[in-house]
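Biologist: Please show the model, and let us then discuss its surface and its interior in turn.

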Amino acid sequence: MSAVADVPTDTTAPNQIDSKPKTKAKSDDEFNVQKLVDIFTKLNPLAKEFFPSSYSYHDHLHQGYYQFSPNNFMPNNKPFDGDSNQRNRRRRASFNQVGKRLNGRVKAQREDSVKRTVYVSDIDQHVTEERLAALFSTCGQVIDCRICGDPHSVLRFAFVEFTDEEGARAGLRLGGTVLGYYPLRVLPSKTAILPVNPTFLPRSADERKMCTRTVYCTNIDKKVSQTEVKTFFESSCGEVTRLRLLGDRVHSTRIAFVEFAMAESAIIALNCSGMLLGNQPV
């Protein structure tokens with residue numbers, strides 16, 4: 001009987017013993033969680049370690065693009081994405097406005113330059129830019145004079161720019177003036193004189209000497225080889241030290257740059273304009 005009486009006592013004891021540790025563990029968990037919450041609320045979201053490498057810590061710290069608080073802090077710093085995109089949009093808009101202002105300013109300057117420029121054609125091949133500018137300087141101050149075209153052909157034209165529109169209007173009255181062997185034709189210009197790119201100009205004495213020894217050739221037959229072009233100029237002008245023959249399948253003819261050993265040979269080569277090379281006159 002004593003053994004039977006002891007069974008209830010043993011069965012109730014474990015239940016009482018088990019219930020106490022469970023209650024204690026639950027209270028410990030609540031304490032740990034609350035402790036973590038207290039710790040996290042004391043952290044500074046503006047600390048450098050919270051910023052990913054893709055963002056500038058000092059910009060966001062000093063400029064105050066986003067105000068942090070425990071309630072609005074988001075993982076992976078997503079609030080910065082919106083602020084960064086907004087800042088980039090403002091920058092792009094600012095750049096576009098600056099670009100539009102610059103384009104408008106350049107366009108206005110070019111239109112003003114066109115009004116101060118005259119177009120001159122039918123220029124004698126012996127007329128130089130200095131001589132042409134001296135003629136038009138009687139109408140006003142000339143700030144630029146550019147002759148274009150083959151210097152050994154009657155198909156030459158020029159642009160003369162004045163400091164004001166009055167000079168350009170006075171320059172139109174020089175139409176019909178004989179300069180050399182041909183009367184000039186003067187009309188209002190439709191384009192402005194483009195500035196010369198300094199990278200295309202000779203930069204040293206050696207490069208200037210090379211330019212005096214080089215001629216530019218066009219209308220070269222595509223069936224003519226580089227060796228034939230070199231032989232053509234050497235037989236008539238002198239020794240060729242360098243030759244570049246350029247062209248593609250789109251154009252019917254090619255061009256070439258021929259450099260001679262002597263500048264006198266290059267001057268002689270200018271007289272070869274119109275001579276047949278293959279089936280085309282160069």
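Biologist: Which residues form a nonpolar patch on the surface?

Modeller: This is a predicted model, in which local features need pLDDT of at least 70, side-chain atom pairs count only at pLDDT 80 or more, and totals for chains, interfaces and linings use all residues. Residues are numbered from 1 along each chain as its sequence is written, and side-chain values use heavy atoms, without hydrogens and water. A patch takes residues with over 30% relative accessible area and no salt bridge (a side-chain nitrogen of Lys or Arg within 4 Å of a carboxyl oxygen of Asp or Glu), and joins nonpolar side chains (Val, Leu, Ile, Met, Phe, Trp, Tyr) within 5 Å and like charges within 9 Å. With about 280 Å² of accessible area together (Shrake-Rupley method, 1.4 Å probe, only the protein chains shown as cover), the patch consists of Tyr216, Leu246 and Phe257.

Biologist: Why does Leu246 count as partly exposed?

Modeller: Leu246 lies in strand β8, residues 240-246 (strands are DSSP runs of E, at least two residues, numbered from the N terminus). Buried means under 20% relative accessible area, exposed over 50%, and partly exposed in between (1.4 Å probe, protein chains only). Leu246 counts as partly exposed because its relative accessibility is 32%.

Biologist: Which side chain of opposite charge is nearest to Arg254?

Modeller: Arg254 belongs to strand β9, residues 253-260, and is buried without a salt bridge. Lys and Arg count as positive and Asp and Glu as negative, while His and the chain ends are not counted. At 6.6 Å, the nearest side chain of opposite charge is Asp221.

Notes: Helices (H or I, at least four residues) and strands (E, at least two) are DSSP runs, numbered from the N terminus.
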